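Please open the model in a viewer and keep the selection tool at hand. The tour below proceeds from one selection to the next.

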Amino acid sequence: MIQNRDVVRFLVAPSGFGKTALALEYAESIFGFRDVFWLNAKSPCFLRDVDNATLGTQLASLTRKRSLVVIEDIPDLTAERAESVSTCIDKLLERGWEVVVTMTPLRGSFVDRQPDGTRICSRDFLVTEEEQRMFAGDAAFGSRDSIPLPLADSVPGLMWGGSRAEADLLCGIVADGLPADVLLGVFTLLVLRRGFLADAKMYAGPLKSDARALLGEEYLFLGVDEHDERFETHAFPIDEVVRAFSRALGRMAASSSFPDADALVMRLADGLLAQGASERACLFVGGCCNAEKRIAWLGSRARRLSALGCLLPAHRLFESRSMRLNSDTAAVFIGEAWRLVGLDRVPEALALAERVLAKASLSDAVRGHAALLLTRYGDADCRRKSADVLKGLVRMAGGNDARRNSEAISVALSDGNRRWEALGVAAVWLAEDGRAAVFLAEACLGCGRTGDVETGILLWALDALSGKGLGSPAQPDGADIERVLAITGDYLRRCEEEGSFGYGEAALLGAWDEAKALASPDALYPPLVSVRMVAQKLEVQLFSQRSAFERERRETDCVQEGTMHGGRRGRGIVLSGDCGFSGALLRTHEIVPTLRICLFGGLEVRIGDSEVDPSAFRRQKVKTLLALLALNQGKELLRDRLASILWPTSSSATAQRNFYTVWSILRKALSLPGTQECPYLIRLQYSCRLDARTVSSDVAEFDELCGKLLLGAPDAEAWSAAFARLNELYRGDLLPSESGNEFILRQREEYRARLIDALVSASTRLFDVGELQSALWFAHAAVRKDSTREDAYTALMQAQVASGQRTAALDTYFKCKRYLSDELGIDPSPKAVMLYSSIIEAEPSLKGFVPRS
C-alpha cells in the first residue's frame, strides 16, 4: 500500500479477512489518524451524497491538507452510482488525497472503473511463513511444528480476530450477498470440511466456471485445490457454520435439487457419515433440523452411527427431545438402548428394552431387537423369559434340527427385512442346545457377507464355546472349536478389508481371543495385526466417550442433588437460545435455571427461584405471545401464524413489524440475570418456539395429569393425588387478562372442558372397576367445577345409585333436568332418564320425590 500512494488502492477480500484492520493500520501508521475521513458506503447518507454528486465537494471543503479517505464496504451500485463514485475518487486523487476502498469479491467489478488502481486481493492478506515464524509459540499460532500453515488457516482475520473471528467471518459470508447457488457451494464445503470437489457436486450441483474460480481464488479459507480437485477448509466448528447459514437454508435449498432444507441437511449429514465424521453429522442434524426430523434421522441411521462408534453424540441427539414410545419411535428407543450398553449403562438399557418388549402393539422386528438385548445382557431369569418371547417371534424349525435351523438362518440372512430373525434363531437355538455353535458359524460362512447380524451370531457361538451361553455348556470337541475359530478369524479379516470393522467386531475379536484358550495350543490362526490396531483405536474412542458420559452424569447428579437439598426448582441443560436455527446444539457444560411459566389464574414467570418482574410484561401482547409459545409446549409456531393471531386486523407487513418488537421485549424479559443471553426462546427461519428442555409450564403439567385420568390404568389413590395437583395448577381461567384475543378465548374454554372431561372419565372408569367411593368423589368434583355438563350429572347419578344414595341421585337428576329445560330447552339424555327410572322402579315410594331447591 505504501508503494502506490498516488492511485486508489482496492482491498478486495471476503468479510472477515481483515480489510478494515489493514486500513486502520495504514491510517495509524501513515497519518496517525489525523486528516482521515472514514466513509461507510452502506450508509444511506453515502448513497444520498453520491446521488447528489456532492460527495467530493463536501470532503474537499473540510480541509486543504493532504488527507486519507477510506470508503468502506462498497455495496452493489447501479451503473450511474458506480460512475459517480469513480468520478469522486478521480477528483480526490487529483487534489493529492489518498483513497482506499474496501469491498468483497462480489463487488470486484467496480475495480475496472479505475484501471490505474492497485488491487490487493485475498492472497495478499494471508499471513506469510515469515510472519508465522515470527509469532510461533503465540497461542493463536501454536508451535513451530505447524509452520507453514495451510492457506485455509492463514487468513489474518481468523488468526488475530479473537474468539469471535470464525463466527464473524461466517456471518459475513452470508451477508455478502452471494448468489444462492454459490452460497450453497460454500456451505457444502464448510459442512463436509474435506473431500473431492466432485463429491460436493452431489449436494451443491455443478458450479459455473466463474463461480468456481471465485471460490478458489478469493474464498481461500475453503482450501480449494483446482489441480488435485480436492478441498480442505479451515476447521470451523459445525455449530458456528449452522448458526451463520441457518437463515439462508431455505434459499439455498430452493437453488438445489432437493425438495426442501431438511432433505438437503440430511443428505449432507449422510455425506459426513460416509466420511466417518459421525459426531459432526449428529451436531449438524441437531443444529439444523426440528425435533421430529432429527429423531427420524437418528432412528434411520442408528446402525451406521453405532458401526462408526458414535455413541455419546447420538445419545445426546436422542435426549434432545422427550418423546413417547410408539410405533414411530420404537426403533429409536431400541437404538438408544444399544448405545447405553456401549456406554456401560446396562441397567438403563435393559429398562428401555423391557418397555419396548412389553408393548405388544409394536412390530415383531422391534420387539425382537428388544428381546435380543435382554437375552444378551439380562440376568438368568430375564434371559429365559426373553428367549421364550424370541421363540414366538422368529420363524424356525424349533428343537435341535440342525439342518432346518441352519436353513432358517440362511433364509433370514438373505432377506433385508428379516435379517434380525437370524440372530433370534441363533439365540433360541443356543438356549436349547449349546452345541449349535459350529452350525451357526457355518451358516455365517455360507452367506459370504459381513454385517452386524453375522457379527452377533458369531459372538453368540463363541460365547457358547466358552461356557457363557444361555443353555448348558456346549462341550464341543477340539475340531469344532478350531472350525469356529477359523471361520471367525477369516470373518474379522474380511471386515477389516471391507471397512466395516466397528464396536461389534471389536467385541467379537475379544471373544475370539478368549475362545482360543480352549483350542489346541498347536493350532495356527491369522495374527490380525491391522485388525487389532483398529480395535485398539476403537477401545480408546469408547473409553473417551464413556468418561465424558460419566462426567456429564456426575455434573447432572450434582445439580439435581443441589436442587433437592437447596429447595430450588429444577434446572436443565442449556441450549443455544435465540440462535436462528432449530434444535440448537447441546452444550452440556452450561447449566441454566429452569424457566417456569404459569398461565392459569394469571401470568406468573419464574427463572429458577426468582420471579421475573411483572413489570416486564406490562404490554398485553408480550403476555399473549409468551402464552401462545407455552401452549404449544416446545413445538414450532410459524411467525406469520403468531403475527396473525396477535394482530388479526393488521396487514401482514405491520403485523410482522409489531411481532419483532414484542419478541425483542419478551427476549429481554426472559434473559438470564446479569447477562443478555436468553436460552429459552428459539427463533428459527420461519418459526419460533420455546426450548422444552429448559422450560416447564403449568399447562404442560395440566395436560399430562389430564392424560393420566383419561388414558391411564384406573388407580384411585394415584388419581386422587393427580386431582389434588390439578386443583393446585388450575387457579383460575387461562390468562384472564386477555379479553379480546379469539385464540386465547378458545383455548380458555378448551382447558375448562378438558378438566371436566378428565374428571368425568375418571369417575366412569373407577365405577367400571368397582371403586364406587372414588367414582362418587370425582363425579362430585366435576359437577362442582362445571354445573352445565350433563355428562357430569349422569356420572354422579350413576355413582350415587350404585352407592345406595337414591335420594341424592334423584336430587342430582332434577338439578340436571332443571338446567337443561331452563337454559337449553331440551330433555335429559336417555341414560339419565334410565337411571331415574331404575330408582323409581326399585323404590316406588320415591315417585313423588320433590327435589331440594
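Begin by selecting residues 380-393, which form helix H22 of this predicted model. At 1.5 Å a residue, the 14 residues of H22 should span 20 Å, and the C-alpha atoms at its two ends are indeed 20 Å apart, so the expected and modelled lengths agree.

Within H22, next display the side chains of Cys 382, Ser 386, Ala 387, Leu 390 and Leu 393, which are buried. These five cover an arc of only 130° around the axis, and therefore lie on the same side of H22. Now turn to the other side of the helix, where Arg 384, Lys 385, Asp 388 and Gly 392 are exposed. Against which helices do the buried residues of H22 pack? Select 364-377 and 419-432: these are helix H21 and helix H24, and the buried residues of H22 pack against both.

**Two residues with positive phi**

Move to Asp 35, in the loop that lies between helix H1 (19-31) and strand E2 (36-40). Its backbone merits a check of the torsion angles: Asp 35 is not a glycine, yet its phi is positive, at about 55°. Is Asp 35 buried or partly exposed? The relative accessibility of Asp 35 is 27%; because buried requires a value under 20% and exposed one over 50%, Asp 35 counts as partly exposed.

Then select Ala 53, located in the loop between helix H2 (44-51) and helix H3 (55-62). Ala 53 also is not a glycine and has a positive phi of about 55°. With a relative accessible area of 58%, Ala 53 is exposed.

**From helix H3 to Trp 97**

Continue into helix H3 and select Ala 60. Add Trp 97 to the selection: these two residues are 37 apart along the chain, and their C-alpha atoms are separated by 9.5 Å. Which residues are in contact with Ala 60, once its neighbours within four places in sequence are left aside? They are Arg 95 and Trp 97.

**The loop around Arg 321**

Proceed to Arg 321, in the loop between helix H18 (312-319) and helix H19 (330-342). Arg 321 has 32% relative accessibility and so counts as partly exposed. Leaving aside neighbours within four places in sequence, the contacts of Arg 321 are with Ala 291, Glu 292 and Ile 295. Add Gly 634 as well: it is 313 residues away from Arg 321 along the chain, while the C-alpha atoms of the two are separated by 9.7 Å.

**The whole chain**

Finally, clear the selection and display the entire protein chain. Its secondary structure comes to 39 helices and 17 strands. Along the principal axes, the C-alpha atoms fill a box of roughly 115 × 95 × 50 Å. Colour by accessibility next: of the 853 residues in the chain, 49% are buried. The accessible surface of the chain comes to about 39600 Å², and carbon and sulfur atoms account for 50% of that area.

For a contact map, consider pairs of residues at least 6 apart in sequence: 69% of such contacts join residues at least 24 apart. As a last step, colour by charge. The chain has 103 positive and 114 negative charges, and the mean positions of these two sets are 4 Å apart.

Note on methods
Residues are numbered from 1 along each chain as its sequence is written. This is a predicted model: local features need pLDDT of at least 70, side-chain atom pairs count only at pLDDT 80 or more; totals for chains, interfaces and linings use all residues. Side-chain values use heavy atoms; hydrogens and water are left out. Helices (H or I, at least four residues) and strands (E, at least two) are DSSP runs, numbered from the N terminus. The expected span of a helix is 1.5 Å times one less than its number of residues. Buried means under 20% relative accessible area, exposed over 50%, partly exposed in between (1.4 Å probe, protein chains only). The arc is that of the directions from the helix axis to the C-beta atoms. Contact means heavy atoms within 4.5 Å. Accessible areas come from the Shrake-Rupley method with a 1.4 Å probe; for residues, only the protein chains shown count as cover. Lys and Arg count as positive and Asp and Glu as negative; His and the chain ends are not counted. The place of a charge is taken as NZ of Lys, CZ of Arg, CG of Asp or CD of Glu.
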